[in-house]
Amino acid sequence: MLERAQVSLQGDLGSCEEIRFVGFGGSRVACELLARHLRSGRVGVYSDEVALRGLDKGCLLAVVSASGETKEALYLLRAAARRQARVAAICSGGRLMKLCRQQGAPCLLIPFRHSPRASFPYLLRGCFTLLGLCTGDRLEGLVPRIAARWREARQRNALRKGVRGPSARLAQHIFGGVAVCHYYEELGPVAQRFAKSLAENAKEPSLLFPIPEAMHNYICGLERLPGPRPVLLERGRTPLRQGVRAALEAFYREKGLRLHRLQVGQGLVGEAGALYELELATVYLAVLKGVDPTPVPNIERYKALLEL
């Protein structure tokens, strides 16, 4: 899907020194992965008026909304345009595309599936394209590698009689309890996407515990949590990380619980591969619970109440 994603540009982007991505929910994940991967002051991710501070001609405010209908995204693009700031959008159409045309702002059009979370490959391709056009950072070469990683993940999780793939095993581990996801700081975008998909697909709450920080405070909250199902997103084998993992396993073992571990590969390619398997696990969990992953009535209600 990623390799076949067609992105079309309406308008002229031009170069810039800084990109401030604005995104919400499922439309935000691709931006966060890029910002974490690049680790430079040239790319940031925002969700409110902080994005408008200090905008100058060398800065581009890039509003990302898969549907093109996100009210907060529309509000921030209008606010930036009123300040005569440079703006652009990545969307599939909707009011955001129309607003760009009214403002004479460039717009990268992407395909759209039934929801932003399902449109993640298109959003990622759109962010790659915008980044390359504006800053010269060429990440398009990662597209075939990410697509290959997703094909491998699909094969590992193919349904076979008597065999459970890694995503199905993770879903079974969480089923009947509350996922407690431990993760290293650099894997924050992956962990957050996992929590969002647990909520949207499986209608399942979860807790995110960054480590080792969580072991010095957050973990006290487990004393009253019914049915914790611990998960560790791990990467690397430094002495500190090995020590933290061993302590974490021992901690849960004392409570009669098993720590489910998922190794995340290096770089953006490894993180994208992990996202595929985690997303699939949340769909499997929805099946186990007998819930439909598609409707999101609480989100729709929030949107109806939001006035901007």
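## Helix H6 and its cover

A residue is called buried here when its relative accessible area is under 20%. With that in hand, we can start touring this structure, which is a predicted model. In helix H6, residues 166-174, the buried residues are Ser-167, Ala-168, Leu-170, Ala-171, His-173 and Ile-174. The cover over these buried residues includes two helices, H7 (188-202) and H9, along with strands S7 (178-184), S9 (228-234) and S10 (260-263). Just past the end of H6, the backbone at Gly-176 adopts a positive phi of about 90°.

## Leu-285, a link from H9 to H6

Which residues does Leu-285 touch, once those up to four places away in sequence are set aside? They are Ala-171, Ile-174, Phe-175, Leu-198, Ala-202 and Glu-204. Ala-171 and Ile-174 are among the buried residues of H6, while Leu-285 itself belongs to helix H9. Leu-285 has a relative accessible area of 1%, so this residue is buried too.

The chain brings distant stretches together here. Leu-285 and Ser-167 are separated by 118 residues in sequence, and their C-alpha atoms lie 9.3 Å apart in space.

## Helix H1 and its two partners

Helix H9 also packs against helix H1. How are these two helices arranged? H1 spans residues 29-38 and H9 spans residues 267-289; their axes are 10 Å apart and the packing angle is about 150°. The two helices are therefore roughly antiparallel, since angles over 145 degrees fall in that class. Their crossing is right-handed. On the H1 side the contact involves Val-29, Leu-33, Leu-34 and His-37, and these meet Leu-268, Glu-271 and Leu-275 of H9. Sorted by class, the contact has 5 nonpolar residues, 1 polar and 1 charged.

The other partner to look at is helix H4, residues 120-135, whose axis comes within 8 Å of the H1 axis and crosses it at roughly 45°. H1 is therefore oblique to H4. This crossing, too, is right-handed. From H1 come Val-29, Ala-30, Cys-31, Leu-33, Leu-34 and Leu-38, and from H4 come Phe-120, Leu-123, Leu-124, Cys-127, Phe-128 and Leu-131. This contact has 12 nonpolar residues, with no polar and no charged ones. Val-29, Leu-33 and Leu-34 appear in the contact with H4 and also in the contact with H9.

## Aromatic pairs

There are 4 aromatic pairs in the structure. One of them joins Phe-209 and Tyr-218 in a tilted arrangement, with ring centres 5.8 Å apart and 50° between the planes. Phe-209, at 5% relative accessibility, counts as buried, whereas Tyr-218 is partly exposed at 42%. The pair of Phe-251 and Tyr-252 is edge-to-face, with 5.2 Å from centre to centre and 80° between the planes. Here Tyr-252 is buried, with a relative accessible area of 0%, and Phe-251 is partly exposed at 22%.

Aromatic residues also gather in a cluster made of Phe-120, Trp-150 and Tyr-276. Phe-120 is already familiar from the H1 contact, where this residue is one of those on the H4 side.

## Backbone points worth a look

Most residues other than glycine have a negative phi, and most peptide bonds are trans. Where does this model depart from that pattern? The bond joining Ile-211 and Pro-212 is a cis peptide bond, with omega about 5°. Pro-212 sits in the loop between strand S8 (206-211) and S9.

Two residues other than glycine carry a positive phi: Gln-84, near 65°, and Lys-203, near 50°. Gln-84 is found in the loop that runs between helix H2 (71-82) and strand S5 (86-91). With a relative accessible area of 70%, Gln-84 is exposed. Lys-203 lies in the loop between H7 and S8, and at 33% relative accessible area Lys-203 is partly exposed.

Note on methods: Residues are numbered from 1 along each chain as its sequence is written. This is a predicted model: local features need pLDDT of at least 70, side-chain atom pairs count only at pLDDT 80 or more; totals for chains, interfaces and linings use all residues. Side-chain values use heavy atoms; hydrogens and water are left out. Axes are lines fitted to C-alpha atoms, for helices over the stretch in contact, and angles run from 0 to 180 degrees between N-to-C directions. Helices (H or I, at least four residues) and strands (E, at least two) are DSSP runs, numbered from the N terminus. Angles under 35 degrees count as roughly parallel, over 145 as roughly antiparallel, 65 to 115 as roughly perpendicular and the rest as oblique. A crossing is left-handed if the near helix is turned anticlockwise from the far one by less than a right angle, and right-handed if clockwise. Contact means heavy atoms within 4.5 Å. Ala, Val, Leu, Ile, Met, Phe, Trp, Tyr, Cys and Pro count as nonpolar, Asp, Glu, Lys and Arg as charged, and the others, Gly among them, as polar. Rings of Phe, Tyr and Trp (its six-membered ring) pair if their centres lie within 6.5 Å; planes under 30 degrees apart count as stacked, over 60 as edge-to-face and the rest as tilted. Buried means under 20% relative accessible area, exposed over 50%, partly exposed in between (1.4 Å probe, protein chains only).
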